[in-house]
Amino acid sequence: MSILTATDLVKDYSGEERPALDHVSLAIEPGEFVAIVGPSGSGKSTLLHLLGGVDRPTSGTVQLYDTDLYSLNETQLAIFRRRQVGLIYQFYNLIPNLTVAENITLPAELDGKSIPQAELTALLASLGLVNKADALPSQLSGGQQQRVAIGRALINQPAIVLADEPTGNLDQRNSQEIMRLLHYANVKEGQTIVVITHDPLIAQQASRVITIEDGQLQPSEG
Amino acid sequence: MSIMTKLSIRSLRTELARTIMTILAMAIAATMAVAVLVGLRSMQISMYNYYVKDSAGQQVSFSGVSRQRVKAFRDEEAFANTAAYTTKNNVAIKEIKAGEYGADKDNPLTQITITPADLKLAGKQLLVGGRLPRKSNEVMLSEMLIGGDVKIGRTITVKTGQDTHKYRVVGVMSQFKGFLTEGQIIHTASTLPAGRQVVMAKVKSTRDIHQKMPMLAKRYGVKARSIIYQEQALNIIGESADSKTKWALVAVVVAVLAIIGVAALIMIYTSINLTVKAHRQRYGLLRSIGTTPKQLHHLVYQQSLLLAVPALILGYGFGIGGITLAMTSLKRMFANHELPLDLVLVVDWLPLLIAAVFMILITLLAAARPAYKASRVTPIVAIRALDPSPKLTKRHLKSTWLIRRVKQPIMKLALKNYRRSSRKWSMLVTLTTTVTIFVGLTGFVRNVLQDQTPSYTADITGTLQSQEIDMQDIKRILTEQGGIKESQVVREMSLMMMGKAKKWSHRQLWLYVIPNDVAKKEFNSVPTVINGKIYNTTADGKATEKSLVEPDDPRTLSFTTENLDDQGKQTKTKIITTHFNLATHESLPQYQLILYPGDSALVISQSTFEKWAPTLNVDDSQLTYSLGLTLKDRETHTAFVKALKLELGDIYIYDQVANAREAEATLTAMRTGVYGFITLLSLISLATIINHTFAALLEQRRGLAILQSVGTTAKQITGMLSIQNALLLTRGWVFGSVLGSGIARGLYQLMSAGQISDKSFHWPIIEIVVTAVALLLIGAVFAIVTWRMIRKQDIDLMIRTE
């Protein structure tokens with residue numbers, strides 16, 4: 001059974017000649033590592049946002065397990081996102097006035113959960129941030145900030161992690177480190193991951209590559 | 001501490017400039033609420049103290065308390081102190097002659113007997129002259145009884161039925177203060193005579209006094225109708241029998257708070273809204289990681305309330321500090337003006353609590369819409385960092401005549417930016433409203449509170465109706481007092497003008513009767529009119545002012561008297577017609593001492609009066625002595641009045657020096673209060689403008705960095721923004737000044753309702769100039785801040801990260 005199923009997704013932006021997404025359907029299986037590639041403006045970010053319940057489609061459905069995301073109201077959707085979706089952005093999007101540890105535990109705390117210190121330390125260790133637990137994002141390098149964002153995405157052990165160009169703002173070494181972490185989560189924890197990327201090297205590391213052009217999925221090459 | 005609380009506090013701490021700006025904006029509102037509430041409460045208590053002093057702090061009197069129960073009654077827990085006395089009615093003083101006050105058998109006098117200790121407690125404030133009686137053969141008399149042989153130091157015979165007692169007069173008491181004025185003669189005894197007593201009491205708490213006292217009295221067999229309250233004082237604190245007063249006080253507080261509330265609401269809303277707008281992307285991010293709309297809603301409320309706490313503390317400090325300063329200076333001024341009102345600063349829990357509740361309510365109200373907006377932010381905002389694209393029509397993009405002619409590129413850019421800015425309208429409305437409020441209200445208040453009341457040239461004026469005394473006696477007594485620079489004494493009565501001339505018909509005119517020799521010397525014995533003014537209102541509501549006798553008017557005058565019989569009906573009198581000479585106030589300075597500015601009088605000799613008296617159906621006894629004098633040293637006015645009272649007890653004295661000073665002090669107190677209120681109100685609006693201006697600057701930072709990156713210098717950017725700002729401030733100032741002036745004029749017209757002539761309105765030029773200076777200052781500060789910000793900002797960082 002697919003973990004995530006998108007059916008006939010259409011996203012229209014007012015003023016645009018053609019839809020950003022044009023009747024897109026796809027299914028993602030549990031434990032998959034999927035890369036979505038495509039040129040700028042092809043609709044890959046839009047697709048990711050719709051898969052994560054961040055934006056609403058003009059038509060079509062997205063089902064995560066048995067839940068139709070867009071049948072939920074705003075509050076239910078927020079709680080669903082909090083528990084079932086981990087989001088990673090290109091520009092990290094950390095809260096600048098929360099420490100590394102606080103940023104990572106934020107989704108859990110929003111849910112009223114308290115993360116045991118041992119669990120947090122283990123996560124920080126896996127991210128290579130043990131010594132940075134009390135640092136503010138502004139005191140970290142780009143790679144470190146992205147690792148914090150990965151920690152935040154994983155803290156609630158979501159059903160799926162969606163990463164939008166997670167290495168787009170990083171150098172080669174940091175990019176590899178981020179990909180290593182995502183692979184680790186995928187392989188060791190069985191975490192389903194969807195990554196958007198321009199980088200063919202990154203895409204190569206995925207178990208499946210989906211290509212999108214002009215808002216439509218292209219036939220797979222392999 | 002929850003993560004949302006932590007996030008609230010961290011956000012506030014890391015964005016210190018914005019936080020401080022919002023706290024200051026809120027603090028101004030809190031200052032205003034605290035200052036107004038504490039000020040009103042202090043004024044209320046000061047006024048209460050002023051009135052309750054008349055009854056030595058006692059608020060209630062119970063008559064008919066039986067001798068057996070007096071002690072237990074006076075020991076009641078509800079009372080802070082008490083005093084008791086007995087009364088004896090139908091008393092007469094042998095030395096008072098027929099026709100004088102106190103000689104009328106239909107209105108006999110009342111004598112009070114009280115212990116020396118109780119008199120000291122409850123009667124000290126009554127003393128006008130002399131001292132309180134200490135021995136049983138001493139009395140204190142009402143000032144109305146003083147005159148002739150009845151004065152301090154003399155022995156009088158008091159008759160009650162067949163009993164007669166001789167007493168030495170040692171004191172003179174006011175007839176108008178407190179409960180003891182029930183009697184006109186007060187003497188002391190160590191034990192009160194048999195019979196029921198009157199108990200006066202100071203209660204520990206005045207709350208619901210009208211409900212509690214009758215219940216208490218009932219337990220001691222005292223009827224509710226036998227209770228007299230110090231209503232004048234109780235009225236001030238809303239505890240009088242008339243519940244309307246209480247609601248009127250509440251209405252005043254609510255109205256004032258409503259005005260502050262609206263201004264504060266706009267300002268706090270602006271501050272919170274600007275913060276929410278600046279945090280849209282953050283909210284989007286929080287939403288994308290699972291924050292619910294409700295949690296964001298709470299976040300905004302929480303942050304707003306967190307800011308309200310230090311703002312309230314600052315408000316308490318500034319408000320109480322400010323009102324203390326204002327009251328200290330008013331107190332000093334009142335003391336200099338010999339005003340007996342002792343201002344006390346009262347900082348009790350109620351105004352502080354109301355201010356706190358008010359601030360919380362206003363903050364919650366102000367935060368409601370921004371909180372709703374925050375909760376509506378979609379998660380996608382976090383990713384796209386959407387800048388709302390400006391909604392510009394072709395008209396906006398078209399260059400105006402001015403833009404086409406301006407050659408200087410920075411000025412051209414500034415003009416284009418200004419024309420295309422959508423934000424300018426809300427700024428312009430706020431600015432215009434602020435200037436309108438300040439110019440309109442201050443201009444109106446300055447006109448209303450200008451001292452327009454003409455005053456006597458005399459320092460002391462007085463009237464006396466007595467058959468026992470003649471003009472020579474009065475002049476002699478005045479001379480004996482010493483210290484007089486100029487004086488004038490006439491005998492007067494009121495006349496009613498008659499005749500065909502409509503403007504004279506049924507108008508009042510003073511008749512001054514002077515000795516024959518003086519009339520011969522000053523007026524050649526010809527009746528003379530001292531020409532005053534007639535004030536009328538035209539059909540369209542305009543006030544007009546004319547002389548009583550215009551140059552073309554005939555020099556013949558008809559009049560009658562306003563004689564009333566015992567039933568208050570006009571008695572039949574005939575009309576007298578006489579020729580007269582005309583004189584002005586200025587030509588007769590000695591009469592200005594007794595004649596109020598603008599009033600008119602007909603001056604005649606004693607013999608003319610005697611000739612007219614039968615026709616007018618009046619006699620000599622209906623003439624009242626009217627005197628006016630100036631003192632060599634005005635500061636001696638109080639002592640002079642006191643000494644004159646002791647000589648001429650039933651004289652009505654008007655201490656014009658004290659009156660003028662009281663009026664001036666009251667006016668200054670009102671000005672201080674009203675100007676303070678308006679200034680704070682304007683300050684709130686001004687803070688909104690400053691908030692808007694600097695928030696706009698912060699929002700433009702990225703755009704400005706781009707301009708810098710293409711080679712625009714910091715000086716050029718500062719110049720461009722200053723031009724944009726100057727255009728906005730000038731427009732707001734012009735619109736606000738015009739509107740404010742119109743409002744000031746309109747309100748003045750509405751309030752004067754034809755009572756005040758056009759000439760007395762002053763256009764609010766000072767206010768307009770003050771506003772211009774304030775706006776110039778804001779413009780200058782803005783330019784400096786812009787310059788510093790532009791020079792310090794990291795262009796690369798701004799362009800990359802935002």
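# Reading chain B, step by step

Biologist: Where do we start, and how much surface does chain B expose?

Modeller: Chain B exposes about 39500 Å², and carbon and sulfur atoms supply 59% of that area. Accessible areas come from the Shrake-Rupley method with a 1.4 Å probe, and for residues only the protein chains shown count as cover. Please keep in mind that this is a predicted model, where local features need pLDDT of at least 70, side-chain atom pairs count only at pLDDT 80 or more, and totals for chains, interfaces and linings use all residues. Residues are numbered from 1 along each chain as its sequence is written, chains are lettered from A in the order in which they are written, and side-chain values use heavy atoms, leaving out hydrogens and water.

Biologist: What share of the residues of chain B count as buried?

Modeller: Buried means under 20% relative accessible area, exposed means over 50%, and partly exposed is in between (1.4 Å probe, protein chains only). In chain B, 48% of the 802 residues count as buried.

Biologist: Which residues touch the most other members of the largest nonpolar core?

Modeller: A nonpolar core is a set of buried Ala, Val, Leu, Ile, Met, Phe, Trp, Tyr and Cys residues joined through side-chain atoms within 4.5 Å. Here the largest one has 102 residues, and Leu47(A), Leu64(A) and Ile268(B) touch the most other members. Leaving aside residues up to four places away in sequence, Ile268(B) touches Met26(B), Ala29(B), Met359(B), Ile362(B) and Ala366(B); contact means heavy atoms within 4.5 Å.

Biologist: Now a single residue: where does Thr430(B) lie?

Modeller: Helices (H or I, at least four residues) and strands (E, at least two) are DSSP runs, numbered from the N terminus. Thr430(B) lies in helix α15, residues 424–448 of chain B. Thr430(B) counts as buried because its relative accessibility is 15%. Its contacts, not counting residues up to four places away in sequence, are Thr688(B), Ile689(B) and His692(B).

Biologist: And how should I read the sign of phi?

Modeller: Most residues other than glycine have a negative phi. Asp208(B) has a positive phi, near 55°, and lies in the loop between β9 (197–203) and α5 (209–219) of chain B. Ser525(B) also has a positive phi, near 60°, and its place is the loop between α17 (516–523) and β14 (528–531) of chain B.

Biologist: Why do Asp208(B) and Ser525(B) count as partly exposed?

Modeller: Asp208(B) counts as partly exposed because its relative accessibility is 31%. Ser525(B) is partly exposed because its relative accessible area is 36%.
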